[in-house]
Amino acid sequence: MEVPPLTPEQRLAALDKAAETRRRRAELLQQLKSGQLHLSEVLAQRDDPVIARTRASVLLRALPGIGEAKAARAMADIGIAPSRRVRGLGVHQTAALIALFG
């Protein structure tokens, strides 16, 4: 599938949208890291496009005291693929994450 050529205005709008998404994701992860938000609150908002497209492993690593190894081990125990995004988490996987880290 070939990407259609964009006008300069369309390209600028896409760049602005991407920058805003990255800013919102960074803000979300910082709020998780600081304890302002809890994992259960974030997972409840999974319809938000920024949250939905965030990888579950990135979300877990943003929690205080959770590093790459703990996040990977927990995801493997629950049965979540390392590349899974929040949107793709099942009901049982979401409940297991909340029970473990909530």
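**Exercise 1. Find the loop that holds Arg-85, then work out which surface patch Arg-85 belongs to.**

Step 1. Look between α5 (68-78) and α6 (91-101): Arg-85 sits in the loop there. Keep in mind that you're looking at a predicted model.

Step 2. Check the exposure. Arg-85 has 36% relative accessibility, so it counts as partly exposed.

Step 3. Now gather its partners. Lys-17, Arg-53, Arg-55 and Arg-87 join Arg-85 in a positive surface patch.

**Exercise 2. Describe the overall make-up of the protein.**

Step 1. Count the elements: you should get six helices and zero strands. Reading from the N terminus, that gives α-α-α-α-α-α.

Step 2. Get a feel for the extent. The C-alpha trace spans about 50 × 30 × 25 Å along the principal axes.

Step 3. Ask how much is tucked away: 27% of the 102 residues count as buried.

**Exercise 3. Work out which residues of α5 are buried and how they are arranged around the axis.**

Step 1. Pick out the buried residues in α5: Ala-71, Ala-74 and Met-75.

Step 2. Look down the axis. These three cover an arc of only 95°, so they lie on the same side of α5.

Step 3. Turn to the face pointing away from that buried side, and you'll meet the exposed residues Ala-69, Ala-76 and Asp-77.

**Exercise 4. Track down the salt bridges and see which ones share partners.**

Step 1. Here's the idea to start from: side chains of opposite charge can pair when their charged atoms come close. The count for this model is three salt bridges.

Step 2. Start in α1. Glu-20 pairs with Arg-23, with the closest N and O atoms 2.6 Å apart. The two are three residues apart in helix α1, which means about one helical turn separates them.

Step 3. Stay with Arg-23, which also forms a salt bridge with Glu-27, at 3.0 Å between the closest N and O atoms. This pair is four residues apart in α1, again about one turn.

Step 4. Now leave the helix. Asp-48 bridges to Arg-24, the closest N and O atoms being 2.7 Å apart. Asp-48 is in the loop between α2 and α3 (49-52) while Arg-24 is in helix α1, so this pair ties together parts 24 residues apart in sequence. Compare the exposure: Asp-48 is buried at 19% relative accessibility, whereas Arg-24 is partly exposed at 33%.

Step 5. Put the shared partners together: Glu-20, Arg-23 and Glu-27 form one network.

Note on methods: Residues are numbered from 1 along each chain as its sequence is written. This is a predicted model: local features need pLDDT of at least 70, side-chain atom pairs count only at pLDDT 80 or more; totals for chains, interfaces and linings use all residues. Side-chain values use heavy atoms; hydrogens and water are left out. Patches are made of residues with over 30% relative accessible area and no salt bridge: like charges are joined within 9 Å, nonpolar side chains (Val, Leu, Ile, Met, Phe, Trp, Tyr) within 5 Å. Accessible areas come from the Shrake-Rupley method with a 1.4 Å probe; for residues, only the protein chains shown count as cover. A salt bridge is a side-chain nitrogen of Lys or Arg within 4 Å of a carboxyl oxygen of Asp or Glu. Lys and Arg count as positive and Asp and Glu as negative; His and the chain ends are not counted. The place of a charge is taken as NZ of Lys, CZ of Arg, CG of Asp or CD of Glu. Buried means under 20% relative accessible area, exposed over 50%, partly exposed in between (1.4 Å probe, protein chains only). The arc is that of the directions from the helix axis to the C-beta atoms.
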